[in-house]
Amino acid sequence: MKQMEVVGVRVEMPSNQPIVLLKETDGDRYLPIWIGAVEATAIAFAQQGVLPARPLTHDLFRDVLDAFEVQLRTVNITALREGIFFADLVFSNGVEVSARPSDSIALALRTGASIFASEEVLEEAGVAIPDEQEDEVEKFREFLDTISPEDFGRAT
């Protein structure tokens, strides 16, 4: 398993489909995962530190974990089958629960849990971006700074 960091979310044009982009912590591979608009908003809220007036589902899940004194230790993106990503939530009590990567990432950002991807997933869906192309990634990061969570609610 390779540790990943969340670069951000964006809307892929012209399909208007949101994606979350992860990057290997100690490598040059990026992992784009297509996600739903609600999950994109939840991830963007967490990255931007937006606190909604009432808890969103991922905030509620975090609060329930706190109430039961259980921590989310890691999110493991484990497989890619027929274009669908699979993930596991690994909790401090040893329990593992299968989940969508988008929900898992949104929860990890709220709890501080580490995110990992299997080598097999990275080999199949990862995109290597060498250092000389890092300026393109920086442009992407700048783009992420200009969007807001509301941008993900515009579906056609």
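Helix axes are here lines fitted to C-alpha atoms over the stretch in contact, and the angles between them run from 0 to 180 degrees between N-to-C directions. In the predicted model, the axes of helix α1 (residues 37–48) and α3 (101–111) come within 9 Å and cross at roughly 15°. Since angles under 35 degrees count as roughly parallel, α1 and α3 are therefore roughly parallel to each other, and their crossing is left-handed. On the α1 side, the contact is made by E39, A42, I43, F45, A46 and Q47, which meet S102, D103, I105, A106, L109 and R110 in α3. By class, the residues of this contact comprise seven nonpolar, two polar and three charged.

A further packing of α3 involves helix α2 (residues 57–67), where the angle is about 55° and the axes lie 9 Å apart. This angle falls neither under 35 degrees nor within the range of 65 to 115, and α2 and α3 are therefore oblique to each other. The crossing of α2 and α3 is right-handed, whereas that of α1 and α3 is left-handed. The residues of α2 that take part are H58, D59, F61, R62 and L65, and their counterparts in α3 are D103, A106, L107, R110 and T111. This contact of α2 with α3 divides into four nonpolar, two polar and four charged residues. D103, A106 and R110 of α3 thus appear in the contact with α2 and also in the contact with α1.

Helix α3 also contributes to the second largest pocket, of whose lining β3 (29–34), β5 (84–91) and α3 each supply at least two residues. The volume of this pocket is about 150 Å³. Its lining consists of I33, W34, I35, G36, G83, I84, F85, R100, P101 and S102, which by class amount to six nonpolar, three polar and one charged residues. S102, one of these lining residues, is also among the α3 residues met by α1.

Terms used:
Residues are numbered from 1 along each chain as its sequence is written. This is a predicted model: local features need pLDDT of at least 70, side-chain atom pairs count only at pLDDT 80 or more; totals for chains, interfaces and linings use all residues. Side-chain values use heavy atoms; hydrogens and water are left out. On a 1 Å grid over the protein atoms alone, a cavity is a set of points where a 1.4 Å probe fits but cannot get out, and a pocket is an open set with protein on both sides within 12 Å along at least five of seven lines; lining residues have an atom within 4 Å of a point. Grid points are joined across faces, edges and corners, and a volume is the space filled by probe spheres set on the points. Helices (H or I, at least four residues) and strands (E, at least two) are DSSP runs, numbered from the N terminus. Ala, Val, Leu, Ile, Met, Phe, Trp, Tyr, Cys and Pro count as nonpolar, Asp, Glu, Lys and Arg as charged, and the others, Gly among them, as polar. Angles under 35 degrees count as roughly parallel, over 145 as roughly antiparallel, 65 to 115 as roughly perpendicular and the rest as oblique. A crossing is left-handed if the near helix is turned anticlockwise from the far one by less than a right angle, and right-handed if clockwise. Contact means heavy atoms within 4.5 Å.
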